[in-house]
Amino acid sequence: MYLDLISIKNDKKVILEFVEKVYLQLGEDYSNFKSNKPFLVSGTVQNTENGFYLKGEITGQVATKCSLCLKEINLNLNLTVERLYKNVADEDSFPLVDFKINLDELVFEEAVLNLPLKPVCHHECKGLCPICGQNLNERECSCSSEEIDIRLLPLKEFLEKQKGV
Ligand SMILES: [Zn+2]
Ligand SMILES: [Zn+2]
């Protein structure tokens, strides 16, 4: 999806308003996230002395799993974006393609910047019991908290031998 700036190419007074739907293409690098519904991207573009100045909002939803308890969750993204576009981009701006802004790229770049590394269903998620796999948000399991760390078992046996148990 491209936003065409031809109408404001030579006009610095007109502000171009836009509202578009864009599907977020996440690809393999973000395979733990899914986007089923289109994102909404809206805002304005103005032809300024420095380039084409875009100011807008990006809203949408991605589905993923809680990194602790594996429950399916939806993350809402409500992002504000400000960018400068130029025909030849420099370090402070993004490139135009034939006076067009690539909205797919815009939404992708802004969305992935805001995806959490470790999504959680709730900031106090208790996760899964490492022994039986019970979701500890639903109920406590009977695995004892006194469960012996298997890495310490040889030490325990050694100490018992010393005591002649
Ligand atoms: Zn969770
Ligand atoms: Zn357990």
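Where in the chain is the place of Phe-99? Hold that thought for a moment, everyone, and thanks for coming. The answer is the loop between S6 and S7, and I'll return to that loop at the end. One caution before we go on: this is a predicted model.

Let me begin with the overall layout. The chain has two helices and seven strands, and from the N terminus the order is β-β-β-β-β-β-β-α-α. So much for the list of parts; now the outline. Along the principal axes, the C-alpha trace spans about 95 × 30 × 25 Å. The radius of gyration of the chain is 26 Å, where a compact globule of 165 residues would have one near 15 Å. There are two domains, with domain 1 covering 2-113 and domain 2 covering 126-165. Their C-alpha centres are 49 Å apart. As for burial, 14% of the 165 residues count as buried. And if you take contacts between residues at least 6 apart in sequence, 54% of them join residues at least 24 apart.

On to the sheet. It is an open sheet of five strands in the order S2-S3-S4-S5-S6, and the pairing is mixed. S2 and S6 are the edge strands; each has a single partner, so one side of each has no neighbour in the sheet.

Let's walk across it. S3 and S4 run antiparallel and are joined by nine bridges. If you want a pair to click on there, try Gln-46, whose bridge partner in S4 is Tyr-53. Next come S4, residues 51-65, and S5, residues 72-86, again antiparallel, with 14 bridges between them. Here Ala-63 stands opposite Asn-74 in S5. The hairpin of S4 and S5 has six residues between the strands, and in that hairpin Leu-70 takes a positive phi near 70°. Please remember Leu-70, since positive phi will come up again.

The last step in the walk is from S5 to S6, residues 94-95. These two strands run parallel, with two bridges joining them. Lys-86 has Pro-95 in S6 as its bridge partner.

Now, what does helix H1 pack against? The buried residues of H1 are Leu-103, Leu-106, Val-107, Phe-108 and Ala-111. They pack against S1, S2, S3, S4, S5 and S7.

My favourite residue in this helix is Val-107, so let's stay with it. Is Val-107 buried or exposed? Val-107 has 28 other C-beta atoms within 10 Å, and the cut-off for buried is 20 or more, so Val-107 counts as buried. Leaving aside neighbours within four places in sequence, Val-107 is in contact with Val-22, Leu-24, Phe-39, Val-41 and Ile-58. Take Val-22 from that list: Val-107 and Val-22 are 85 residues apart in sequence, yet 7.5 Å apart in space, C-alpha to C-alpha.

Phe-39 deserves a look too. Not counting residues up to four places away in sequence, Phe-39 touches Val-22, Leu-24, Ile-58, Thr-59, Gly-60 and Val-107.

That brings us to the core. The largest nonpolar core has 17 residues, and those touching the most other members are Val-22, Leu-24, Phe-39, Val-41, Ile-101, Leu-103 and Val-107. S3, S4 and H1 are the elements that give two or more residues to this core. H1 provides the largest share, five residues.

Finally, back to the loop I promised you. As a reminder, most residues other than glycine have a negative phi. Asp-98 is not a glycine, and its phi is positive, about 50°. Phe-99 also has a positive phi, near 60°. Asp-98, like Phe-99, has its place in the loop between S6 and S7.

How do these two residues fare for burial? Asp-98 has 9 other C-beta atoms within 10 Å, so Asp-98 is exposed. Phe-99 has 16 C-beta neighbours inside 10 Å and therefore counts as partly exposed.

To recap, we have a five-stranded open sheet with mixed pairing, a helix H1 that gives five residues to the largest nonpolar core, and a loop between S6 and S7 that holds Asp-98 and Phe-99. Thanks for listening, and I'm happy to bring any of these residues up on the screen.

How values were computed. Residues are numbered from 1 along each chain as its sequence is written. Chains are lettered from A and ligands numbered from 1 in the order in which they are written. This is a predicted model: local features need pLDDT of at least 70, side-chain atom pairs count only at pLDDT 80 or more; totals for chains, interfaces and linings use all residues. Two strands pair if DSSP finds at least two bridges between them. Helices (H or I, at least four residues) and strands (E, at least two) are DSSP runs, numbered from the N terminus. A residue is buried if 20 or more other C-beta atoms lie within 10 Å of its own, exposed if 12 or fewer, and partly exposed in between; C-beta atoms are placed from the backbone. Two residues are in contact if their C-beta atoms, placed from the backbone, lie within 7 Å. Domain bounds come from an automatic or database domain assignment. A nonpolar core is a set of buried Ala, Val, Leu, Ile, Met, Phe, Trp, Tyr and Cys residues joined through C-beta atoms within 7 Å. The radius of gyration is taken over C-alpha atoms; the globule rule is 2.2 Å times the number of residues to the power 0.38.
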